[in-house]
Amino acid sequence: MSLFKSYAGLSREIYYLCLARTINSAGDFVFSLITLVLTLQMGMNVVSAGIFVSLAALISGPAVLLGGYLSDLMGKKTIIVTGQLLSATMIICCSFWSGTITVGYLLIAVMFFISITRPAYNALIIQLCTEENERKSAFSLMYLGVNLGIAIGPLVAGFFIKDHVHIVFISIGTVFLISTFIIINQVKIGTSKVMTSTDSKNSVHLQSSQPPTPLFRLLMKNPLVAFFILVSFLNYFIYMQSSFSLPLQMNDSFGEDGAAYYGSVMTINAISVIILTTLILSVTRKLTALNSIATGALFYGIGFGALSLMGYFPHFTIVAVSTVLWTVGEILVQTNINLYIASRVPDTHQGRFNGLLLFVGCLGYTLSPYLTGIFIKSMDMGSLWIIILAFSLVYALCMIILWYIEKSSTRNSEIEPLDLSQSV
């Protein structure tokens, strides 16, 4: 229990925000829901159902960009509340049109409004936390809560989705409403616009009365931030292998039992996240965000690269150890990826920068299966994992180079890491 002291000292707003996000994530499996409802309840073939899933994925990119912009313009809490209320309303409406194609279109709309809230959640955590260690703890707590919700929600829904899908729709809508009610009543936003960091040189002080600088101009003024967002494509590309290439590897190694083995992999992943997240936060608390991400990328590479041994030793023990290793990488990267931007972007632009980062994530998730499929078609599975290992090492190297540039710049006092006081 002493490990959970890592989460002590956060503001009550952060605890309630993380609680709301945890509750919300229990119903946040719309991608899977689209596939299951259209195929199980309506008997739609997998190709047609795949079109709806692709549309939902495609619409997520513009949604996170729009959500980031609106959260800066209208307020982060406002966008979260509005997006979740609209999502709840539409998914409850699905219970009235159950068994019709209308459900497919409504679920795509739900995915759109859920995606709008994503950058607002990240930006709101950054706004509510004034110290980098607080932000690290807050993002770690939210990450842990989201994974708990994702583990519980689909498990419970699975018992009802085939014969009582209307109960699933109403339950998810109710979960969204409860989450929204918590945010409305318990998450109070202060009026202060001063954001600080443990590194005073990276602090951003804002004057809310001054007009905001256009996003593109800020990116040009801060090429290191732009480089970080661009290179983050590799993170999402690599992580997507757990959902695309790993099931193929299980089928290749274990034949008809591949699906069952992949289910075991996801169980190991979920258990590892729940057990290791707090421990990793405690161990890496003093590491910078860039160092943590670089370390996570190395664990990605070792974990996924180990799967290249499956061609010689097709034993599930290798898969289990590999899963724990790349899960450690997942935890390190996903809980730190927002921290680099946090202390280098003004509060007036947190939503947009987080939306841009999520948009790059959408590109990574979208292109990864296609590009990986090309790799698999032209080579064997073992060679694919060597390529993923190489990508992971490149990602780690980029983070180390970025850290070195910033450290040298700060030490020599030649340029400021980010000078936004004159920009907003």
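In this predicted model, Tyr 395 touches residues well beyond its own stretch of sequence. Leaving aside neighbours within four places in sequence, its contacts are Val 231, Ser 232, Leu 234, Asn 235, Ile 293, Ala 297, Val 333 and Ile 337. Tyr 395 also belongs to the largest nonpolar core, which has 45 residues. Within that core, Tyr 395 is among the residues with the most contacts. The others so listed are Phe 228, Ile 229, Phe 304, Phe 353 and Met 399. Another core lies apart from this one. It has 33 residues, including Ile 79, Leu 128, Phe 139 and Leu 141.

Ser 232, one of the contacts of Tyr 395, is placed in helix H9, which spans residues 223–239. Its relative accessibility is 0%. Ser 232 therefore counts as buried, the cut-off being under 20%. Beyond its neighbours within four places in sequence, Ser 232 is in contact with Ile 337, Leu 357, Val 360 and Tyr 395. Ile 337 thus appears in the contacts of both Ser 232 and Tyr 395.

Helix H10 covers residues 245–254. Its buried residues are Ser 245, Leu 246, Pro 247, Gln 249, Met 250 and Phe 254. Gly 255 comes just after H10 and takes a positive phi of about 60°.

A nonpolar patch was found on the surface. Leu 363, Leu 367, Tyr 370, Leu 371 and Ile 374 make up this patch, with an area of about 440 Å². Ile 374 sits in helix H15, residues 350–378. An α-helix has 3.6 residues a turn, so residues three or four places apart point the same way. The relative accessible area of Ile 374 is 41%. That value falls between the 20% and 50% cut-offs, so Ile 374 is partly exposed.

Two cysteines were examined for burial. Cys 362 is buried, at 16% relative accessible area. Cys 398 is buried as well, at 14%. A search of the whole structure gave zero disulfides.

The overall figures complete the description. The chain has 424 residues, and 50% of them count as buried. It contains 16 helices and two strands. Contacts between residues at least 6 apart in sequence were also sorted by separation. Of these, 85% join residues at least 24 apart. The accessible surface of the chain comes to about 18,500 Å². Carbon and sulfur atoms account for 69% of that surface.

Methods. Residues are numbered from 1 along each chain as its sequence is written. This is a predicted model: local features need pLDDT of at least 70, side-chain atom pairs count only at pLDDT 80 or more; totals for chains, interfaces and linings use all residues. Side-chain values use heavy atoms; hydrogens and water are left out. A nonpolar core is a set of buried Ala, Val, Leu, Ile, Met, Phe, Trp, Tyr and Cys residues joined through side-chain atoms within 4.5 Å. Buried means under 20% relative accessible area, exposed over 50%, partly exposed in between (1.4 Å probe, protein chains only). Contact means heavy atoms within 4.5 Å. Patches are made of residues with over 30% relative accessible area and no salt bridge: like charges are joined within 9 Å, nonpolar side chains (Val, Leu, Ile, Met, Phe, Trp, Tyr) within 5 Å. Accessible areas come from the Shrake-Rupley method with a 1.4 Å probe; for residues, only the protein chains shown count as cover. A salt bridge is a side-chain nitrogen of Lys or Arg within 4 Å of a carboxyl oxygen of Asp or Glu. Helices (H or I, at least four residues) and strands (E, at least two) are DSSP runs, numbered from the N terminus. A disulfide is a pair of cysteine sulfur atoms within 2.5 Å.
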